[in-house]
Amino acid sequence: MTKSNKDAVLREIAKDALECIELVASDAEKAQRDRRNAGPSAFASVNTLNSPEQVKNLTEAAEAQMAALSTLIKQPVIARVDFVDEDDRESTIFISRGTPRSVPGFKIAGYLTPFGRIATLAAGDEDTFNFPAGSRELAVTSNAKLTPHKTAGHWDSIESEIDLVDLGRFTVRSFRDLIESGARNSASELEALWDDDADINIVDGIRRAILTKMGLRDQPILDRFQDEIFRLPLNTSCFLSGPPGTGKTTTLIRRLAQKTDRDALLESGENTRLIDSVEDDTGHLHAQSWIVFSPTELLRQYVKEAFNREGLPASDRHIRTWGEYRSEISRDALGLLRTSSGSGPFIERSAQGYIANPDTDDVAWYQDFYAYVATDVREELIADAASLEKSTAHDLSSLGKKLAASFEQFTGSFYPHAVRVVERVRADIDSASQSRQTEIEEILSEARNRLVYDDRDFPSALQAEVLRLLEDKQVEDEEEDEFEAALANDDDDASELPTGRTVSRRQALIRLESALRTLAKSRVAGRRPSNTSLAGKLLLWLGDARIPSEEALRRLGKLLNEQSRLRKLERLERLFLRGIAPRYKKYRSEMAKVRQWYSAEPEKRADIHWRELDLVILATLQIGNELLSSIRSRPTAELPSAGVLGAIRYLQRAQILVDEATDFSRVQLACMRELAHPSLRSLFLCGDINQRLTPWGLKSNEALSWIDPDIERKSITVSYRQSQRLVELAKDIATIGGSEPSDIVLPDRLDSEGLPPVWQTRLSTNESISDWLAERIREIDSTLQKATTIAVLVNDEEEVEPLARALGERLEEINLNAVPCKDGKVVGNDRDVRVFNIRHIKGLEFEAVFFVNLDKTVDQFPDLFAKFLYVGATRAATYLGLTFSHDVPVALHALADHFEEAWGQ
């Protein structure tokens, strides 16, 4: 090829591409119509009463197929590649975004398949690809990245990027215009010579598109570095780092799209085996077995939109913020938060004043707590075994001897070791426990029968008294009862305890017997029940004359203590997992006394802050996974389907992915890792240390090793967002913040230098800020001649609405709106200038960004201001503006050479 036939070559590519686009779209539309018309007949062979799982699978498979067809209809193909093989045979392949369909006359491969990576190769690149007959070396001669677009019933490809061997790279604004221009007659061609824009349809080089829509940039085809990362094996744990705009989130989305596509994973038999194993274990179909965590609700919404654009159906249960997910699993799965029934040891509070250092990294705190729990559990079981060994009852002393020696001798984790020890003497434990339970029931039965014999109205009187006490806000259960409650099974009497308003006679009797148990254990221990507890008040109402004899109480107390020790052994899962909550309260109380981690105790023992809740969740997940791993290692063992272990098992997913990972604490990230099924341990994190906006967030790449010692570290450096001027500014901002300037490479594009950022001092009111912003926005509007995305960032939520109102009044003259996005919620449309609290805009990009009152940020966040500025500045693709209420702070003087006062100078 020579330069003289460049237009002919481009025209031929355009004709071929539009023909393929038309055929693929028409075929997908027909297939979609056929599936809709089929209706319920697809279920004709399935008994919906006897095979609910089959129906669910068929439904989800049908939804996935319809989503794949919708993707093909919107974007039939995204690339066209010419290549030659080792024998100089030429061929052309089209690449589709989703699962391809066969159409006559064209070869089509899905981008997610192994062959799809050919779309990442530049013209002149060579690589090896696998075919059924073996591997072959292919050399790319042309690569056209397509953007299909349908208007007025006709398909086009707009802003197509074409790379030709020996001829170079071009941007073609419209394939349809290119084809039609070739059919003009000579007179039209002569007339066209008078048109200044006659050749503007074909531009030498690659142009960057102006951002006209708020959200995540759509990048259907990744570069070679991103491509290699998303194709890493399914069972990979990876942290992907990189400067802003390098496509980290896009790579995350593409990885998940590929790793949930069975067709794209079929090359590996090991993948199929692992997928089937995890599906059987968790009960979740592989295509639905994933969660993506996002730090903010706003970013969550745009990530969800990007997933749907990828043809990957994403519901609210798949893309989560950690805050709402934490509350959900704590309440509904792990039993840590109190419900309306009164169960649950904690009440989550949004505010706290007792954690000593709210900004500390939680790892040392967690390790101290975890070690405390492990020691407490081990010492408790060893002490119980020693107590049983000293018992005068032969069955208990024999059992105690066997346990004491085994508990003392262990290697590795104590939890699975204790389970194995107890399993060896399970029959002895059950026999001893049953005999004592029978005697306990006899003593309590005699006590209640005597009460009713003496007073036939006693059940009604007891019912009324219990109801009165439950309605008394001053009455609380004794602290010691928390450990007993932790050991209680769902079928125990404790699960029937009343919570107020209505009380049955049966529930009143349970309260009475619970009070007698408390009294009996207190007598053996040489103390009295608390007069402020419900049990204590009920005993006072009962009176000495109506309680069992001293001999009966001491016998009952002795049996209850023995039964308590046996029950721990019977219910080790509950001792280990349900016992974490009361042990945390005990730990917190002890540490507060020595001012370690806590400056005081909370007002109520049940109160817990979200940072504390993270610790308890992680301990529960880690200990639970140790126990599950031990069970899985025994081929004949049956995995639990109920209780906390069953809940943890069903919480696990084949893949866990985290966007903007540096804003999460290491404890939170470790919780997420525990949710990744251990057969795969597929954990994919992406983020940028320089963009950390939380004091507790990830501070270094090395800190990841605590979360997962085997995590792979990958980085990408090609920025697709910012101009050269803004990249250089970002590097200097990172230096101010104490970080090393990132190695950022810009893609080979036209006008990559961009415009200088601008700033203005002494704008102290919303009116003066709005005047300056309105002038800058007019400059952008007159330069681009089209609406674009503009964000204004403020420091605090209460600043959003007043500034939006003042700015909106000034933008009315050019028919633009300024809208307040309170709490990160998106309102308005993409033509509007949106005002945000800076905390809500991580991960998003805009053509223009303004950050106001930056000197207040420096004063308010002396340790984090550079991070805030870095995040704000790197949201902008081309235009960046800063304002100060007073002068430029000394901390920012080093940036002065980057800035001017206006773009119109």
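**Exercise 1. Determine how strand S2 is paired with strands S1 and S3, and in which directions the strands run.**

Solution. Step 1: In this predicted model, strand S1 (residues 79-84) and S2 are joined by six bridges and run antiparallel. Within this pairing, Phe83 has Ser91 of S2 opposite it.

Step 2: The hairpin of S1 and S2 has five residues between the strands, and Asp88 there adopts a positive phi near 60 degrees.

Step 3: S2 also pairs with strand S3 (residues 108-110), through three bridges and in parallel orientation. Here Phe94 faces Ile108 of S3.

Step 4: As for solvent, S2 (residues 90-96) is mostly covered, with five of its seven residues buried.

**Exercise 2. Describe the surroundings of strand S16: its burial, its partners and the connection that leads into it.**

Solution. Step 1: Strand S16 spans residues 682-687, and six of its six residues are buried. Ser682, Phe684 and Cys686 point one way, Leu683, Leu685 and Gly687 point the other way, and the residues of both sets are buried.

Step 2: Strand S10 (residues 237-241) runs parallel to S16 and is joined to it by five bridges. The residue opposite Phe684 of S16 is Cys238.

Step 3: Strand S15 (residues 655-658) likewise runs parallel to S16, with four bridges between the two. One bridge pairs Gln655 with Ser682 of S16.

Step 4: Between S15 and S16 the chain passes through helix H24 (residues 666-674), and this β-α-β crossover is right-handed.

**Exercise 3. Establish how many disulfides the structure holds, and consider the positions of Cys238 and Cys821.**

Solution. Step 1: The structure holds zero disulfides. For Cys238, the nearest cysteine sulfur belongs to Cys686 and is 9.5 Å away, whereas a disulfide requires sulfur atoms within 2.5 Å.

Step 2: The relative accessibility of Cys238 is 1%, so this cysteine counts as buried. Cys821 is also buried, at a relative accessible area of 0%.

**Exercise 4. Classify the ring pair of Tyr366 and Trp706, and state which parts of the chain the pair links.**

Solution. Step 1: The count of aromatic pairs in the structure is 30.

Step 2: For Tyr366 and Trp706, the ring centres are 6.1 Å apart and the planes stand at 80 degrees. Ring planes over 60 degrees apart count as edge-to-face, and the pair is therefore edge-to-face.

Step 3: Tyr366 lies in helix H11 (residues 362-389) and Trp706 in helix H25 (residues 704-707); the two are 340 residues apart, and the pair links distant parts of the chain.

Step 4: Tyr366 has 3% relative accessibility and so counts as buried. Trp706 has a relative accessible area of 25% and is partly exposed, because the partly exposed class lies between 20% and 50%.

Step 5: Ring pairs also form a cluster, which comprises Phe346, Trp365, Phe369, Tyr372, Tyr584, Tyr587, Trp597 and Tyr598.

**Exercise 5. Characterise the environments of Gln32 and Asp855, two polar side chains in helices.**

Solution. Step 1: Gln32 is located in helix H1 (residues 6-38). Its relative accessible area is 9%, so Gln32 is buried.

Step 2: Beyond neighbours within four places in sequence, Gln32 is in contact with Met66, Leu69, Ser70 and Ile73.

Step 3: Asp855 is located in helix H29 (residues 854-860). With a relative accessible area of 5%, Asp855 is buried as well.

Step 4: Leaving out neighbours within four places in sequence, the contacts of Asp855 are Phe884, Ser885, His886, Asp887 and Pro889. Ala891 is 36 residues from Asp855 in sequence, and the C-alpha atoms of the two are 9.5 Å apart.

**Exercise 6. Assess the confidence of the prediction, for the protein overall and for residues 40-46.**

Solution. Step 1: The protein has a mean pLDDT of 85, and 88% of its residues reach 70 or more.

Step 2: Over residues 40-46 the pLDDT stays under 50. For this segment the model has eight contacts beyond four places in sequence.

Notes. Residues numbered from 1 in each chain as written. Heavy atoms only, no water. Buried < 20%, exposed > 50% of the residue type's maximum accessible area, 1.4 Å probe, protein only. Pairing = 2+ DSSP bridges. Right-handed = clockwise from strand over helix to strand, strands pointing away. pLDDT = per-residue confidence, 0-100. Contact = heavy atoms within 4.5 Å. Phe/Tyr/Trp six-rings, centres within 6.5 Å; stacked < 30°, edge-to-face > 60°.
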